[in-house]
Amino acid sequence: MRFLKYGVSLMLALAVLIPGSMLALASDAKTETIAFYNVSPEELQMNELTEKGENKIPLAVDGESGFVIVLPENCSKSLTRAAETLRDVLKKMTGADIPVSHNSEISAEYLFRLDTAMDTERPTNSDIADGYRTVVDDGGISICGETEDGTVNGIYGFIEDVLGCIFLTPDDTYIPKHSTVWISKIDEISVPATLWRDVYAFETVQNKWAEKLRLNGIDTKTDDSSLTIEQLQYEGWGTWCHNCYQYLSPEDYFDTHPEYFSEKNGERVTTYGGRDAYLCLSNPEVFEIVKNALAEEIAANPDKLYWDFSGNDNSSLAGCECAECREADKAAGGTGMGTLLPFLNKLAQAFPDKYISSLAYFHTLKAPKNIKAEPNVVIKLCSMPGDQSSSYLYGENRNSRVFKEQVEEWSKITDKLVIWDYVVNFSHLVMPFPNFSVQADNQKFYEENGIIGVFHQASREKGGEFACLRAYVLSRLMWEGSDMDVEKCVSKYICAYFGDAAPMIIKYMNLCSAEHSASNKALGLYDGLMAHYNGYLSKSNVERYKELIDEAKAAVKGDTLYENRVEEVELSIAYATVLQPEISNDERQAALNLLNELCDKHGITMVCEWDSLENFNQNSLSGIIAGEKKQLMLPYLIGGGICAGIVIITAAAIIVFKGIKKKRSVK
């Protein structure tokens, strides 16, 4: 009887502890806290530019310059635009209005030679990609790439790296102010750490900002202002993804050749689960049709180097399930690449002067066994399951570890990997998302595994949380490489962007990052607030964020520019407040009113990848809050149920025990 009592007591104690322990349950994610800091005005202003030295030449003295910017006679709009940006920056910086000339015979004290103007030697190293050479000597300054695109990158690189400017947004550039500027003599080549670079975000395609960020995965040359973000992305690619029906469509073939399409449950289908299905890649006729269709596409767009053939976006259908396809996938280790990669290899052999790409995504994510990729096959590997709190370099939690292993396995199969990385919370675009700490380590991991391109997918909608800062940091990392000091980069940006409000914004970002790190939770792409309610999005933390934002607003009160910039951060905090499960209706309504006011002022219409602000107000919010409250109570309900079960079991055990004891006493 004594042991029974001890057992019951222990079970009851565990039941009481269950609610708290379940709320505190965390993944095994682990990340170091990143700490931003206040940058002094002297450092931000690059005061060293005013210091004269033996190994320097004067770019401007007391608002006057002996320079002339010289361009080739026939140069692109991109190069002309970059030169005009350089001239504008120098005028705002020094007061000197430096002329731009196309006359190769012009005489001046110093020449700013751009793209072989005045017979500047063009670098011809094939490893330079779209990099550039910068020379500063007694004759002036020369910037030149192996291609004109490299020279354009060099001009924007000079503006930032030498002059200390920061391309903050598509519309705003931070420019130090010095009437006298001395430039150190140099002769160096700058080469991008990543060959193909893209940050998929609403902001990067605005006002040619991608050009200043030195991204080459976005079309910055077009003059067609009607093109959407989808049409401007993927520069260099003839086709991008989810396109197998573009080559062989159900409308043209299904009625006469259903065998060309994926089999499911013994039937040929063109849709499944409400989404487009796949093709039957083991069918030799399918290959011939796709090859011929691709040949027509290439002939119509001969300048495009990359051509993609990928399955449709359908997570509920693992490719074609006919006997031949199943056997090939099984032989490859149970991955859809058993049928897809041989198909790609044959396309690559048919078009040896082009790169043939495809997505490693859902059922094709896993690297195949016993199959190597042709040299001109490119695999775009999606960071699934992925995590933005633990870097892929160390793989400290399950999600990041799985993707780390996928990259390493794929690196054995091809040296042409492009990483499709997700750097956004698709479910809550404007909610705080502290993922800066892993980016340098991720970039290092890409470099160590020979990644040729990175496609950072952020939000295609305007105004995601710290959207411009995130695009800026990722862009610079892809150019400079993993040795870049992310803390310094972010700190300088924050101080330049927020002015006197910067110290409070830095405190907010550091607190957000530290609280997330302390919670030891993964940072997922579809996380709701409740995933971090015991971490950085707790009620107490959100209240602390609001206090810091109030201090930031007070610090710049009356300065419209900085007030508006602080409001961009306040918007994210208002959104996190609206979603709090344990606040009063009046508090929620006040936060919602503020959110709507700020969204209207700053042009934010979407708070979710698939949900508008309008629908959020009218429909989604009530369902989200109801779901959160259920999650909040669930551990206690479970604990209560367990307690009730224990009580019943205990009572039954006591009754049984007493019955046994009574029988024994009767005997």
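Ala, Val, Leu, Ile, Met, Phe, Trp, Tyr, Cys and Pro count here as nonpolar, Asp, Glu, Lys and Arg as charged, and the others, Gly among them, as polar. This is a predicted model, where local features need pLDDT of at least 70, side-chain atom pairs count only at pLDDT 80 or more, and totals for chains, interfaces and linings use all residues. Residues are numbered from 1 along each chain as its sequence is written, and side-chain values use heavy atoms, with hydrogens and water left out.

**Exercise 1.** Describe the largest cavity (on a 1 Å grid over the protein atoms alone, a set of points where a 1.4 Å probe fits but cannot get out; lining residues have an atom within 4 Å of a point).

*Solution.* Start with the volume, the space filled by probe spheres set on the points, which are joined across faces, edges and corners: about 230 Å³. Next, find the lining: 22 residues, with Y278, G311, L340, H363 and T364 closest to the centre. Finally, sort the lining by class: 11 nonpolar, 10 polar and 1 charged.

**Exercise 2.** Do likewise for the second largest cavity.

*Solution.* Its space is about 140 Å³. Among its 18 lining residues, V423, V424, G464, E465 and R470 lie closest to the centre. The classes are 11 nonpolar, 4 polar and 3 charged.

**Exercise 3.** Which residues does M509 touch, leaving out those up to four places away in sequence?

*Solution.* Take contact as heavy atoms within 4.5 Å. Now look around M509: the partners are F36, F436, F466, L469, V490 and I494.

How values were computed:
1 Å grid on protein atoms, 1.4 Å probe; cavity = no way out; pocket = protein on both sides within 12 Å on 5 of 7 lines; lining within 4 Å.
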